[in-house]
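Got the model open? Let's go through a few of the labels people put on a structure like this and ask what earns each one.

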Amino acid sequence: MRYKLRSKHLDGGGMMLFDLLFDGKKVSNVYFNTRGYVFDSGVPMPSGQKLWLPEMRLSDIRAELASLNREFK
């Protein structure tokens with residue numbers, strides 16, 4: 001099981017939009033809010049619960065997803 005960010009397109013303001021994929025299936029959108037990137041739904045966890053992440057930089061999101069990928073191994 002792996003998380004992956006897939007680039008969708010640029011929005012009208014020039015910011016990238018992303019799909020969050022889990023095992024190749026889209027589970028959430030990631031978009032830019034006024035203070036950072038946010039998920040439009042919770043991120044599934046190994047326990048079956050959803051993790052709600054705050055607004056954060058894209059590099060922080062990638063680091064969090066890498067940590068979750070290690071947890072799923």
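Two strands pair if DSSP finds at least two bridges between them. Keep in mind that this is a predicted model.

Q: What makes S3 and S4 a pair, and in which sense do they run?
A: Pairing takes at least two bridges. S3 and S4 have three bridges, in the antiparallel sense, so they count as paired strands. A hairpin of four residues joins S3 to S4, and one bridge you can pick out by eye is that of Tyr 31 with Val 38 in S4.

Q: How do you know that S2 and S3 pair?
A: By the cut-off again: at least two bridges are needed, and S2 and strand S3 (residues 25-32) are antiparallel over five bridges. Phe 22 sits opposite Lys 25 in S3. The hairpin of S2 and S3 has two residues between the strands, and Asp 23 takes a positive phi near 55° there.

Q: Why is the contact between Arg 6 and Asp 19 called a salt bridge?
A: The label asks for a side-chain nitrogen of Lys or Arg within 4 Å of a carboxyl oxygen of Asp or Glu. In Arg 6 and Asp 19 the closest N and O atoms are 2.8 Å apart, so the pair meets the rule. This pair links distant parts of the chain, with Arg 6 in strand S1 (residues 3-10) and Asp 19 in strand S2 (residues 16-22), 13 residues apart.

Q: What makes the side chains of Arg 6 and Asp 19 a polar contact too?
A: Here the N or O atoms have to be within 3.5 Å. The two side chains are joined at 2.8 Å, so the distance part of that test is met as well.

Q: How do you know that Lys 8 and Asp 19 meet in a salt bridge?
A: The N to O distance is 3.8 Å, and the cut-off is within 4 Å. Lys 8 lies in strand S1 and Asp 19 in strand S2, so this salt bridge ties together parts that are 11 residues apart in sequence.

Q: Which residues are linked with Asp 19 in a network of salt bridges?
A: Arg 6, Lys 8 and Lys 26 are linked with Asp 19 in that network. The salt bridge of Lys 26 with Asp 19 has its closest N and O atoms 3.7 Å apart. By the within 4 Å rule, the count comes to five salt bridges. As for the chemistry, side chains of opposite charge can pair when their charged atoms come close.

Q: Why is Asp 19 called buried or exposed?
A: Buried means under 20% relative accessible area. Asp 19 has 5%, so it counts as buried. Leaving out residues up to four places away in sequence, Asp 19 touches Lys 4, Leu 5, Arg 6, Lys 8, Lys 26, Ser 28 and Asn 29.

Q: What about Arg 6, Lys 8 and Lys 26: which label do they get?
A: Partly exposed is the range between under 20% and over 50%. Arg 6 is at 41%, Lys 8 at 37% and Lys 26 at 43%, so each one counts as partly exposed.

Q: Why is Tyr 31 called partly exposed?
A: With a relative accessible area of 35%, Tyr 31 falls between the two cut-offs, so partly exposed is the label. Tyr 31 is in strand S3. Among the residues that Tyr 31 touches are Leu 17, Gly 36, Tyr 37 and Val 38.

Q: How do you know that Asn 69 is buried?
A: Its relative accessibility is 8%, and buried means under 20%. Asn 69 is found in helix H1, and a polar atom of its side chain lies 2.6 Å from the backbone nitrogen of Tyr 3.

Q: What makes up the largest nonpolar core?
A: That core has 17 residues, and the ones with the most contacts inside it are Tyr 3, Leu 5, Leu 20, Val 30 and Ile 61. S1, S2, strand S4 (37-39) and helix H1 (58-72) each give two or more residues, with the largest share, five residues, coming from H1.

Q: Which residues is Leu 5 in contact with, leaving aside its neighbours within four places in sequence?
A: Including Phe 18, Leu 20, Val 30 and Ile 61, the list also has Asp 19 in it.

Technical notes: Residues numbered from 1 in each chain as written. Predicted model: local features only at pLDDT ≥ 70, side-chain atom pairs only at ≥ 80, totals over all residues. Heavy atoms only, no water. Buried < 20%, exposed > 50% of the residue type's maximum accessible area, 1.4 Å probe, protein only. Core = buried A, V, L, I, M, F, W, Y, C linked by side-chain atoms within 4.5 Å. Contact = heavy atoms within 4.5 Å. Polar contact = N/O pair within 3.5 Å; in protein donor to acceptor, adjacent residues only side chain to side chain.
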